[in-house]
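Here is a friendly walk through the structure. Have the sequence and the 3D view open as you read.

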Amino acid sequence: MVEISGLHKSYITGTNSLHVLKGIDLTIEAGEMVSIMGSSGSGKSTLLNVIGILDGYDKGEYNLNGKVIRDLSEKQAAWYRNQMIGFVFQSFNLISFKNALENVALPLYYQKIPRRKRNKIAAEYLEKVGLLDWATHLPSELSGGQKQRIAIARALISNPKVILADEPTGALDTQTSYEVMELFKEINDSGITMIIVTHEKDISERTKRIIHLKDGFIEKEYKTKLSLNYA
Amino acid sequence: MIDIDKWQEIFHTLRHNKLRTFLTAFGVFWGIFMLVIMLGAGTGLENAVYSNMGDFAKNSMFIWAQKTTMPYKGFPRNRWYQFTYDDLHSLKRNIPEIDIIAPTVNGGGFRSSTLIVNGIRKGSFEVFGKVQEEDLIDPVDIEYGRFLNEFDLREKRKVVVLGYRAYEELFAKGEDPTNKFVRINGIYFQVIGAFKSKHTGRWGENQNSEVYIPFSTAQQVYNYADKVDHFSIVVKPQYQVVDIEPKVMAILAKNHNLHPDDKGAFGYNNVGEEFKKMNGLFLGIRGLIWIVGIGTLLAGIIGVSNIMLIIIRERTSEFGIKRAIGATPWKVITTVISESLFLTILAGNAGLMFGVFIIEMVNKALQNSDGEMFQNPEVDFSLAITALCVIIFSGLLAGLIPSKRAVSIKPIEAIRTEN
């Protein structure tokens with residue numbers, strides 16, 4: 001699903017160049033559930049942004065679902081993101097003036113699906129995350145866990161190949177975090193590839209493979225007990 | 001198709017910042033309002049001046065005799081001379097560009113009035129000897145009867161056409177004056193008609209106190225022999241009055257032994273040139289109005305643009321999220337532009353309507369007054385359409401820069417921005 005080789009990425013701020021990713025080789029198969037760990041500044045978010053086509057890269061090669069992702073126009077990038085990738089963010093990033101149902105339906109809006117139809121589909125996904133009763137509530141009326149589940153439903157609705165989650169549990173308490181991870185596992189079981197960036201060990205242990213980043217390199221990677229259960 | 005989500009978003013943003021929305025909309029509102037008001041007032045001024053002119057032949061000139069200013073052929077300067085009816089023939093014969101030429105004599109001399117009596121009613125009015133062609137040069141509205149005709153002139157009939165004020169003084173209200181007799185200078189004249197001037201203001205009042213008798217009759221009853229006081233000359237439409245003027249003067253100079261360069265021997269008035277000057281003046285006024293109006297409007301547009309920039313800064317992360325989940329840059333641009341378009345069109349149309357409303361109110365209030373300086377202020381349809389185009393264009397302009405800014409931010413940076 002994701003094939004990365006020799007990936008380099010630098011940020012240029014003024015005269016300073018900050019070399020963040022220094023040659024990453026990484027392959028994630030379809031249906032995997034991977035967590036990327038590392039301390040702050042290790043480049044884990046940058047890697048996720050590159051994978052999510054939110055950011056470009058300088059050197060190397062990146063294939064997503066068999067397609068070379070390189071020098072895309074904004075329009076193409078938007079299309080790939082819409083078709084193949086679902087995003088879950090630490091701060092949920094729901095649109096404040098749209099209710100839960102409309103937030104979930106938003107990706108379908110950009111696919112030009114008629115309102116009635118996309119709201120029907122959105123209701124199905126809301127039911128999947130157990131929040132159908134909250135469909136007409138605005139994000140400000142929901143708890144953190146509820147918001148994150150809305151965001152997950154939004155990520156799922158366009159039927160993506162990969163879900164990228166950037167610190168999805170960072171703003172949640174432990175109990176809610178575990179519930180969210182349980183939801184992720186269910187999604188993964190349905191065949192969707194999950195890539196989760198986190199710095200919490202207990203969260204990463206709930207995925208099947210852990211990749212440790214340190215100073216722009218992959219320090220180590222190993223499979224967890226969870227994967228063995230399924231192996 | 002109505003895109004509910006788009007409108008929901010636009011209304012949310014505008015409602016969320018009520019005061020700001022109002023203030024920026026007011027800028028555009030005021031700009032359009034001022035433009036409409038000023039243009040309407042400009043039209044009012046123009047209407048007043050042009051209606052003062054009535055249906056006066058625009059391509060025309062007047063010429064009358066004055067004292068000579070140069071000695072010539074043994075004649076001294078400061079000599080009085082008179083135009084004669086023969087001049088009419090020689091002018092007509094020698095200048096084919098002339099369309100109409102009409103002689104006039106002032107009964108009793110320049111600006112002196114004659115006593116006119118009808119039974120116990122009487123009044124003093126200026127009597128002019130005119131020809132029937134006069135009605136083609138400075139047309140009047142006939143209220144009773146008819147204007148002078150060829151037979152009146154040929155037969156030197158003692159008939160008179162009364163100006164409306166003369167009619168009002170000499171006849172009872174509503175009385176038909178035709179075929180009645182009035183005494184002018186002791187001689188009975190049959191009234192053939194009464195007219196109202198097409199001019200407004202003082203010009204109209206003056207003309208309404210004038211009385212016309214046939215030119216040929218006037219020469220006889222006032223003992224003028226062959227005298228002509230002034231010629232009114234209308235030039236064929238394809239020629240310019242300015243070009244004909246020297247030809248007319250040359251012929252008249254030859255007929256009356258005037259020095260060829262003695263322009264001072266003629267009094268003349270070139271109506272064509274006056275009209276051109278007036279047109280130029282109004283063009284200038286209109287240009288100025290547009291410059292000032294567009295300037296005011298521009299200030300409003302910049303206001304809208306500014307506010308949009310601030311709003312976009314506040315919504316950076318929102319745009320980021322949208323782009324992360326598949327919104328194309330074009331989608332973002334159109335959202336921002338529709339927002340500014342919506343705001344400017346709403347405010348602009350309000351300004352347009354309010355402006356037209358005020359103009360119409362003023363128009364209504366002025367309906368019954370005969371304004372010499374201001375009449376019928378109006379906003380015509382084409383102007384309203386132009387204003388509408390200006391509004392739409394300005395809405396696009398106001399949204400352009402902010403929308404460019406909105407998409408220039410990378411989605412990832414947009415998401416990272418703190419709310």
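## A helix across strands

In this predicted model, a good place to begin is helix 1 (residues 44–51) of chain A, which lies across strand 1, strand 2 and strand 4 (59–64) of chain A. Helix 1 runs at about 115° to strand 1 of chain A.

## The sheet

Which order do the strands of the open sheet in chain A follow? The sheet is built from four strands in the order 2-1-4-5, and their pairing is antiparallel. At the edges sit strand 2 (16–28) and strand 5 (67–68) of chain A, each pairing on one side only.

Look next at strand 1 (residues 2–13) and strand 2 of chain A: ten bridges join them in the antiparallel sense. To find a bridge in the view, start from A:I12, whose bridge partner in strand 2 of chain A is A:S17.

## Chain A as a whole

Chain A contains eight helices and ten strands. It has 231 residues, and 55% of them count as buried. Among contacts in chain A with a separation of 6 or more, 68% come from residues 24 or more positions apart. The accessible surface of chain A is about 10400 Å², with 49% of it belonging to carbon and sulfur atoms.

## Helix 5, an enclosed helix

Helix 5 (residues 144–157) of chain A has 14 residues, which at 1.5 Å a residue should span 20 Å; the end C-alpha atoms are 20 Å apart, so the two values agree.

Why can helix 5 of chain A be called largely enclosed by the rest of the structure? Eleven of its 14 residues are buried, so the surroundings cover most of this helix. Among the buried residues are A:G145, A:Q146, A:Q148 and A:R154, along with A:I150, A:A151 and A:L156.

The neighbours come from both chains. In chain A, the buried residues of helix 5 pack against strand 6 (85–88), helix 3 (100–110), helix 4 (115–128), strand 7 (162–166) and helix 6 (174–189). Helix 11 (316–324) of chain B is also part of this packing. Just after helix 5 of chain A comes A:N159, with a positive phi of about 55°.

## Where the chains meet

How many residues of each chain take part in contacts between chain A and chain B? There are 25 in chain A and 23 in chain B. Together the two chains bury about 2400 Å² between them, 59% of it on carbon and sulfur atoms. On the chain B side, B:D5, B:I321 and B:I325 lose the most area to chain A, together making up 26% of what that side buries.

How values were computed. Residues are numbered from 1 along each chain as its sequence is written. Chains are lettered from A and ligands numbered from 1 in the order in which they are written. This is a predicted model: local features need pLDDT of at least 70, side-chain atom pairs count only at pLDDT 80 or more; totals for chains, interfaces and linings use all residues. Side-chain values use heavy atoms; hydrogens and water are left out. Two strands pair if DSSP finds at least two bridges between them. Helices (H or I, at least four residues) and strands (E, at least two) are DSSP runs, numbered from the N terminus. Contact means heavy atoms within 4.5 Å. Axes are lines fitted to C-alpha atoms, for helices over the stretch in contact, and angles run from 0 to 180 degrees between N-to-C directions. Buried means under 20% relative accessible area, exposed over 50%, partly exposed in between (1.4 Å probe, protein chains only). Accessible areas come from the Shrake-Rupley method with a 1.4 Å probe; for residues, only the protein chains shown count as cover. The expected span of a helix is 1.5 Å times one less than its number of residues. Buried area is the accessible area (1.4 Å probe) that two parts lose on being put together, summed over both.
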